[in-house]
Amino acid sequence: MSVILSVTRNELRHLVRSRVALTGLILVALLTFAAALTSNAYQADQAGLRERLQHAADQDFAAQPNRHPHRVVHFGHFAIRPASGLAAMDPGVEAYTGNMIFLEGHRQNSANFGDARQSSLLVRFGQLSPALVLQVIVPLLLVFIGAGMIAGERERGTLRQSLLAGISGGALLSGKALALGLAALAIATPAFGLLLWLGASGGARLSAVGLTTLGYVAYLAFWTLLIIAVSATANRSRSALIGLVGAWAFMVVLVPRVAPEAAAALAPLPTRVETDIAVQRDLRSMGDSHNPNDPYFAAFKQKTLKQYGVTRVEDLPVNYRGLLAIEGEKLTSSLFDRYADQAFGAMEAQGRVMDALAVVSPTVAIRRVSMTLAETDLFAYRRFLEQAEAYRYDLVQRLNRLQATAVTAADDAAKSKNAAAEARSRISADHWQAMPHFDPKRPSAADVVSRALPALVALLLWLAAGALFAVHAGRRLNRRAA
Amino acid sequence: MNALLREARFLLGLKSVVAAMVALFALTAVAVSAGLVEVARQEAAIARIGPQQASDVAAITDWVSREKDPGSAAYYTFHATSDPPSDLAFAAIGTRDVSPYVLRVRALGLEAQLYEGEIGNPEAALPGRFDFAFVLVYLAPLFVILLFHDLRSGEREAGRLRALEASVGASSALWGPRLTVRALGLFLVLALPFLVGAFVAGTAPWKVGAVLVVVLAYLAFWIVLCVVVARAARSSLANAMTLAAAWMTLTLIVPAIGHVVINSAIPLRQGMELGQTQRTAVHRAWDIPKAETMDAFFRTHPQWRNTAPLGEAFHWKWYFAFHQVGDELAGGLSRQYRQGVLERAAWSERLGLVTPGVATQLALHRLAATDPAAQIAYQDRIRAFHGELRRFFYPYLFEDRPFGRADFARAPEYRAAPAAGSWPVALLGGVVLMTALVGGVGLVRGRREAS
């Protein structure tokens, strides 16, 4: 043990003495710090903005004057996605999804104004976040610092001396790995500090903070072991460097970027325009509530008359137009849900394809772990959209029921021709003020953790593979020395 | 010539160098193919929409032409627009994966329709595209570093440097061919897959030439930087570390920080406010006297002032007028939003003047017409088309002309304008300038050391 520690101490002394390596370390540590700081400030700013906008939208909605309820259906409402706990650590898909969605009757809108769309092309490599720094930049820096740790000693001939002096390959390798690992931890400290702070300040769940930390430690430990093992195996530091940069380019860059291509080929998504056209086509075949001769709505009329025991629409105790609106919304919404489910089904199938590539790249696994625990993944976005849709449906149906009960059929029928009837068809603004507010619920901790678990296991398997490789490389060092 | 051939043979004998070249060639080939696949997917989607859209309009024609109500025709008929990829889009997909390239609009308020998002898998968009521009900007410099960091130091560490320099006399005779061969090799592994892609995509020759110039300029920057760093008599690994730090700084850190700074200096909150303003403006019309809306409308459309006055009853022309007035009220925010997107792009270009990676990235996207400016240009074309739609429907609405089957055929049709792309002169100038600057610093330092 003391041998390992003395190797570590020596290596760290080298590291501090080599100005270039130390500068690199300090540079990236500062970058991590800057990323943590700006990301956190941005998220806090966004959280404030979203709260203000949601509040303004709620006020606008409640401030509507006396109106016909159907006007309110079209006035619509806005749902704004609240920030999630660890978004400052890993903003995930937030830049791509947009956070505000317009809710209105007969339509299902998308969330608009995603950041990625309105930003310049500067960050096609990824937004500056602690997650990006830890996943992409730190491994590369470790490669450049560590590639020569053992191969360099071999070139200089000092490796042989150490081994002949009785230091075992395993001890040498462990010592170097420990030094590189400490460097990795030093760079990652600001990010882990942010994690702790987010946990302590109440925004994030402790389970998420703990597992995210575990995931990143495993990821960086894997890279440390891989780098040291390759350095011990290679004959020259240049070969080690080329091999490791190649591995980095493949695992960190190529696989995560090519994965979507493979996924899109296996589970293609329709465009919004195609979906809209298909929805319109299905609606036409389903029936048109505006058309008095439509067979579906003729049957609906018969059913309604029978239910109330009357023979004419005029004799119904409620406003038939309101009932039609309720039925129409039910039909359109089920259609929207079907298409949304299809699209999300395809996206999740794509996600499974991409996740499966964790077999060839630990970066795929850490991305999933980090994003899922930060609640900034597709699942969290879908959850928001579905809750917004449920809210929209409930709101619209409440308004439709008001049309059926609070507006008389005669006024409703005459309102577009007669100003007095139009005035009578307006109901009190108290109704809008009494509508429930949008209050999205976060997924449960258990749900989030169970979604992150497979990728976390994959990550630990990568770590185990790295350890095996390192042990193997250590034994080879001994054999060569002997 | 002989020296070059000798160097080429020497290079081919170095296993790790050959491996690096092959790897970069493979990465470029994958990137070009992925770009071609994506462009083909977008073209197929645009082609698929044509017939679907036609049958949608036919179905609406069927029932509207019974009552011949121009309001229903204008309200229910959507019109397709599209933004087909340019002949160079395969090399630089840009924002085409996060913004729609097909959009349907109708004659109602445009501001509520223009920013509709596309159904895309955000997790698939997150890692970013793997296209030619990406390989060139981010990966190619790493390979330059791998191939050039130990030019001198490698020979020195192997103990051959003095013998080598003595054997050829002038040191330029030794390093000239060596540099040329390696640079040429890198250029070829990048250019060949691109040329195949350009041939498949039918890229205009001037654009192919422009891309090759950009590739050369960018490679030249990194090679000059490597040579300058390699002159300092340090170990190979120290050189590699220095260059890697330069790579991280120039391609990852400066752009990422620039992004944060630009986005916070030019916040685009208009987007969300735009939605709320437009909605409130449109719906207010239901609660105010109709004459108020019509007066506002006639101020911008005096030609309809003397048409039949509105009665008590609902009339479509009032409905469309208040949508138009809503757009006009949101117009200020909309212009600010548009301006903000362009301003962000302009600032990133300024950053490009001192950051070759950014300049190269933007130059390729400018040539491919896949940058935010191109996205705004598409929105402008939609805006113009939407104006045509309004002008087409207004005579029917304001003069109460029946809208029959034949009128549907007369509706304006969106003509997709192929995105032109333009020579990124300033950006290219930035790369050349930075190369000269780094080279100059190297020369000055070299002289100082020699004297």
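## Charges over rings

B:Lys290 lies over the face of B:Trp318, 5.0 Å from the ring centre. The charged end of B:Arg401 sits over the ring of B:Tyr396, at 4.9 Å from its centre. The criterion for a charge over a ring is NZ of Lys or CZ of Arg within 6 Å of the ring centre and within 35 degrees of the ring normal.

This is a predicted model: local features need pLDDT of at least 70, side-chain atom pairs count only at pLDDT 80 or more, and totals for chains, interfaces and linings use all residues. Residues are numbered from 1 along each chain as its sequence is written, chains are lettered from A and ligands numbered from 1 in the order in which they are written, and side-chain values use heavy atoms, with hydrogens and water left out.

## Aromatic pairs

The whole structure holds 45 aromatic pairs over all chains. One of them joins B:Tyr319 and B:Phe320: the ring centres are 5.9 Å apart and the planes stand at 75°, so the pair is edge-to-face. Rings of Phe, Tyr and Trp (its six-membered ring) pair if their centres lie within 6.5 Å; planes under 30 degrees apart are stacked, over 60 edge-to-face and the rest tilted. B:Tyr319 is buried at 11% relative accessibility, and B:Phe320 is buried at 1%. Buried means under 20% relative accessible area, exposed over 50%, and partly exposed in between (1.4 Å probe, protein chains only).

B:Tyr394 and B:Phe398 also form an edge-to-face pair, 5.6 Å centre to centre with 85° between the planes. Both sit in helix H15 (residues 372-398) of chain B, four residues apart, about one turn of the helix. Both are buried. Helices (H or I, at least four residues) and strands (E, at least two) are DSSP runs, numbered from the N terminus. One aromatic cluster includes B:Trp63, B:Tyr75, B:Trp286, B:Trp318, B:Tyr319 and B:Phe320.

## Largest cavity

There are 15 cavities of 30 Å³ or more. The largest encloses about 260 Å³. It is lined by 17 residues, and the closest to its centre are A:Asp90, A:Gln127, A:Leu132, A:Arg367 and B:Leu126. A cavity is a set of points, on a 1 Å grid over the protein atoms alone, where a 1.4 Å probe fits but cannot get out; lining residues have an atom within 4 Å of a point. Grid points are joined across faces, edges and corners, and a volume is the space filled by probe spheres set on the points.

Helices H4 (94-97), H5 (130-146) and H14 (362-373) of chain A each supply at least two lining residues of the largest cavity. H5(A) gives the largest share, three residues. The lining splits into ten nonpolar, five polar and two charged residues. Here Ala, Val, Leu, Ile, Met, Phe, Trp, Tyr, Cys and Pro count as nonpolar, Asp, Glu, Lys and Arg as charged, and the others, Gly among them, as polar.

## Second largest cavity

The second largest cavity has a volume of about 160 Å³. Of its 13 lining residues, A:Met354, A:Asp355, A:Val364, A:Arg367 and B:Glu123 are closest to the centre. Helix H10 (237-266), helix H13 (320-356) and H14 of chain A give two or more residues each. H14(A) has the largest share, with four. By class, the lining of this second cavity has eight nonpolar, one polar and four charged residues.

## Transmembrane spans

An unreviewed UniProt entry places the feature "transmembrane region" in chain A at residues including 132-152 and 206-228. Annotations of this kind may be inferred rather than shown by experiment. Residues 132-152 of chain A are 95% helix and 0% strand, with end C-alpha atoms 30 Å apart. Residues 206-228 of chain A are 100% helix and 0% strand, with ends 33 Å apart.

For chain B, the UniProt annotation (unreviewed entry) covers spans including 183-202 and 423-444. Span 183-202 of chain B is 95% helix and 0% strand, and its end C-alpha atoms lie 27 Å apart. Span 423-444 of chain B is 91% helix and 0% strand, at 33 Å end to end.

## Positive phi and a distant contact

Most residues other than glycine have a negative phi. A:Glu375 has a positive phi of about 55°. It lies in the loop between H14 and helix H15 (378-406) of chain A and is buried at 7% relative accessibility. Phi of B:Ala369 is near 50°. B:Ala369 is in the loop between helix H14 (356-368) and H15 of chain B, buried at 13%.

A:Ala325 belongs to helix H13 of chain A and is buried, with a relative accessible area of 16%. The C-alpha atoms of A:Ala325 and A:His70 are 8.7 Å apart, with their positions 255 residues apart along the chain.

How values were computed:
1 Å grid on protein atoms, 1.4 Å probe; cavity = no way out; pocket = protein on both sides within 12 Å on 5 of 7 lines; lining within 4 Å.
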